[in-house]
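Let's walk through this structure together, one region at a time. Keep the viewer open as you read, so that you can follow each stop along the way.

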Amino acid sequence: MYAKRRQQQGEGGSSNVFSMFEQSQIQEYKEAFTIIDQNRDGIISKDDLRDVLASMGQLNVKNEELEAMVKEASGPINFTVFLTMFGEKLKGADPEDVIVSAFKVLDPEGTGSIKKEFLEELLTTQCDRFTAEEMKNLWAAFPPDVAGNVDYKNICYVITHGEEKEE
């Protein structure tokens, strides 16, 4: 009962949420939290979300959409709750080796890369199809080499770790 009451008061979920992330990731989430917490009161509110979205050019966000975002948390969204929400979202993500294995099916020679054109065709014609804008963003984040190859192991690393691999 005490833990449930603490969570409703915005104190956050379990304190071990910080052990789910590396220190550098926690710092990045803290920076993001600070940007979203526009009024600097330590809680992300509907008004904070409206303000940060407006600063990014999204001016006509409906009140219901903002309420739905805030209601994803069980109470006020302080930093611990914010981090917990990300931890819960990431729990469903596949481990890096599973994602790499999926890409390896497309790389029978085991080169560690896939032709840009091939990957683009798959992503724009199969399942949840990527839009032209999503493809543009993908190539901006993961530019192919001069031969037109894409390093899928780097993509997998970023999907599971949230930052580019330093070599």
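In which strand is the place of Asn 149? Asn 149 belongs to strand S2. Bear in mind as you look that this is a predicted model. From S2, the side chain of Asn 149 makes a polar contact with the side chain of Lys 115, at 3.4 Å. Once neighbours within four places in sequence are set aside, Asn 149 is in contact with Ser 113, Ile 114, Lys 115 and Pro 144.

Let's step back for the overall layout. The protein has nine helices and two strands. Following the chain along the sequence, you meet them in the pattern α-α-α-α-α-α-β-α-α-β-α. The protein has 167 residues, of which 31% count as buried. If you take the contacts with a separation of 6 or more, 57% of them are between residues 24 or more positions apart.

Now turn to the interior. The largest nonpolar core is made of 19 residues, and Ile 44, Ile 77, Phe 79, Phe 82 and Leu 83 are those with the most contacts inside it. Three helices each supply at least two residues of this core: H2 (23-36), H3 (46-55) and H5 (79-91). Among the contributors, H5 gives the most, with five residues. Ile 44 is a good place to look around: leaving out its neighbours within four places in sequence, it is in contact with Phe 33, Ile 36, Asp 37, Leu 49, Ile 77 and Phe 82. Apart from this core there is another, of 14 residues, which include Phe 103, Met 135, Trp 139 and Cys 156.

Before moving to that second core, pause at the aromatic rings. The structure holds eight aromatic pairs. Phe 33 and Phe 79 form an edge-to-face pair, because their ring centres are 5.7 Å apart and their planes stand at 75°. Phe 33 lies in helix H2 and Phe 79 in helix H5, so this pair ties together parts that are 46 residues apart in sequence. Both partners are away from the surface by the numbers: Phe 33 is buried, with a relative accessible area of 3%, and Phe 79 counts as buried at 12% relative accessibility.

Phe 82 and Phe 86 make another edge-to-face pair, with 5.0 Å from centre to centre and 65° between the planes. These two are four residues apart in helix H5, so about one helical turn separates them. In general, an α-helix has 3.6 residues a turn, so residues three or four places apart point the same way. Even so, the accessibilities of the two partners put them in separate classes: Phe 82 counts as buried at 8%, while Phe 86 is partly exposed, with a relative accessible area of 33%. Ring pairs link Phe 18, Phe 21, Tyr 29, Phe 33, Phe 79, Phe 82 and Phe 86 into a cluster. A charge joins the picture too: the charged end of Lys 30 sits over the ring of Phe 79, 4.7 Å from its centre.

Back to the residues of the second core. Helix H8 (residues 132-141) has Met 135, Leu 138 and Trp 139 as buried residues. Viewed down the axis of H8, these fall within an arc of 90°, so they line one face of the helix. The face of H8 turned away from that buried side carries Lys 136 and Ala 140, which are exposed. On the buried side, H8 packs against helix H7 (116-125) and strand S2 (149-151).

Helix H9 (residues 152-161) comes next, with Tyr 152, Asn 154, Ile 155, Cys 156, Tyr 157 and Val 158 as its buried residues. They pack against helix H6 (96-104), strand S1 (113-115), H7 and S2. At the start of H9, a side-chain oxygen of Asp 151 comes to within 3.1 Å of the backbone nitrogen of Lys 153.

One last stop is a backbone detail. Arg 40 sits in the loop between H2 and H3, and it counts as exposed at 52% relative accessibility. Its phi is near 55°, a positive value in a residue other than glycine. Most residues other than glycine have a negative phi.

Conventions:
Residues are numbered from 1 along each chain as its sequence is written. This is a predicted model: local features need pLDDT of at least 70, side-chain atom pairs count only at pLDDT 80 or more; totals for chains, interfaces and linings use all residues. Side-chain values use heavy atoms; hydrogens and water are left out. A nonpolar core is a set of buried Ala, Val, Leu, Ile, Met, Phe, Trp, Tyr and Cys residues joined through side-chain atoms within 4.5 Å. Buried means under 20% relative accessible area, exposed over 50%, partly exposed in between (1.4 Å probe, protein chains only). Contact means heavy atoms within 4.5 Å. The arc is that of the directions from the helix axis to the C-beta atoms. A polar contact is a pair of N or O atoms within 3.5 Å; within protein, one must be able to donate a hydrogen and the other to accept it, and residues adjacent in sequence count only if both atoms are side-chain atoms. Rings of Phe, Tyr and Trp (its six-membered ring) pair if their centres lie within 6.5 Å; planes under 30 degrees apart count as stacked, over 60 as edge-to-face and the rest as tilted. A charge sits over a ring if NZ of Lys or CZ of Arg is within 6 Å of the ring centre and within 35 degrees of the ring normal.
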